Amino acid sequence: MRILKLNQKPLQLKKDDVGYIMKDCEAYREKLIMHCQLHFKLSYEDACDCVQDTYVALYENLLRGIEISNYKAWLYQVVVNYKNKMIRDKLKRNEYDFASNEDKNTAIANNLFYNPDYVENMTTEETIEKRALKIISSLNQEEQNLYIAYYLKHQSFAEISKSLGLDASTVGKRHAKLKKKIIKMIKEYEKD
């Protein structure tokens, strides 16, 4: 019997390997159902439907040779996508009873995004961490110090200005400039 690791590259997979991955990924099924029930307040049947659709999408993507680097993260992301689609479909069919229009508008706003199982568009936590490290490392030393003080140590402009020997308004201006620079870099990554 051949042992297959969950992080093995899908492009190296053979058709019988897909079965092994599916079998290994079955370990997440009950947790995914509980996740849907607890966090999204779905009934058990609806949660099971979302999870089943997710496993079907996994199987289809594996057969197409789509590269999935983290199966667990992928499953959780896709189950959220299917949950959003299910809720949106129910809203369209008027299957929900809302106490007020505000509740209905909130439910609609929370479920606008739906991008089922398009792995190539999915950003994993690992990807976000890598991008953040690249962005921070591309900053000059002064910008890095400001970033660390403000975002990681949660210091106020007054505290930062004391440690840098500047006045608070200068620190505020530098922070605004740094924030624009970081946002621009993030948008560049989103284009890719």
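A residue is taken as buried when its relative accessible area is under 20%, as exposed when the value is over 50%, and as partly exposed in between. In the predicted model described here, Glu-143 has a relative accessibility of 14% and therefore counts as buried. The residue belongs to helix H7, which spans residues 141-152. When neighbours within four places in sequence are set aside, Glu-143 is in contact with Leu-178 and Lys-181.

The setting of this residue is a protein chain whose secondary structure consists of nine helices and zero strands, so that the pattern read along the sequence is α-α-α-α-α-α-α-α-α. The chain has 192 residues, of which 33% count as buried. Its accessible surface comes to about 12900 Å², and carbon and sulfur atoms account for 53% of that area. Among the contacts between residues at least 6 apart in sequence, 58% join residues at least 24 apart.

Side chains of opposite charge can pair when their charged atoms come close. Three salt bridges were counted in the model. One of them involves Glu-143, whose side chain meets that of Lys-181 with an N to O distance of 2.9 Å. This pair links distant parts of the chain, since Glu-143 lies in helix H7 and Lys-181 in helix H9, 38 residues apart. The two partners fall into separate classes of accessibility: Glu-143 is buried, at 14%, whereas Lys-181 is partly exposed, with a relative accessible area of 31%.

A salt bridge is also found between the side chains of Glu-142 and Arg-174, where the N to O distance is 3.5 Å. Glu-142 is located in helix H7 and Arg-174 in helix H9, which covers residues 168-191, so this pair ties together parts of the chain that are 32 residues apart in sequence. Here Glu-142 is partly exposed, with a relative accessible area of 48%, and Arg-174 likewise counts as partly exposed, at 32% relative accessibility.

A further salt bridge joins the side chains of Arg-29 and Glu-26, with 2.7 Å from N to O. In this pair Arg-29 is the buried partner, with a relative accessible area of 18%, a value that lies under the 20% cut-off, while Glu-26 is partly exposed at 35%.

The cysteines were examined as well. A disulfide is a covalent bond between the sulfur atoms of two cysteines. A search of the whole structure finds zero disulfides. For Cys-36, the nearest cysteine sulfur is that of Cys-50, at 5.1 Å, and because a disulfide requires sulfur atoms within 2.5 Å, Cys-36 is in no disulfide. The converse description holds for Cys-50, which is in no disulfide and has the sulfur of Cys-36 as its nearest cysteine sulfur, 5.1 Å away. Cys-36 is buried, with a relative accessible area of 0%, and Cys-50 is buried with a value of 0%.

A contrast to these buried positions is provided by Lys-134, which is found in helix H6, residues 125-138. With a relative accessible area of 53%, Lys-134 is exposed, because the value is over the 50% limit for that class. The C-alpha atom of Lys-134 is separated by 9.7 Å from that of Met-185, although the two residues are 51 residues apart along the chain.

Definitions and conventions. Residues numbered from 1 in each chain as written. Predicted model: local features only at pLDDT ≥ 70, side-chain atom pairs only at ≥ 80, totals over all residues. Heavy atoms only, no water. Helix = DSSP H or I, 4+ residues; strand = E, 2+ residues; numbered from the N terminus. Buried < 20%, exposed > 50% of the residue type's maximum accessible area, 1.4 Å probe, protein only. Contact = heavy atoms within 4.5 Å. Areas by Shrake-Rupley, 256 points an atom, 1.4 Å probe, with all protein chains shown as cover. Salt bridge = Lys/Arg side-chain N within 4 Å of Asp/Glu carboxyl O.
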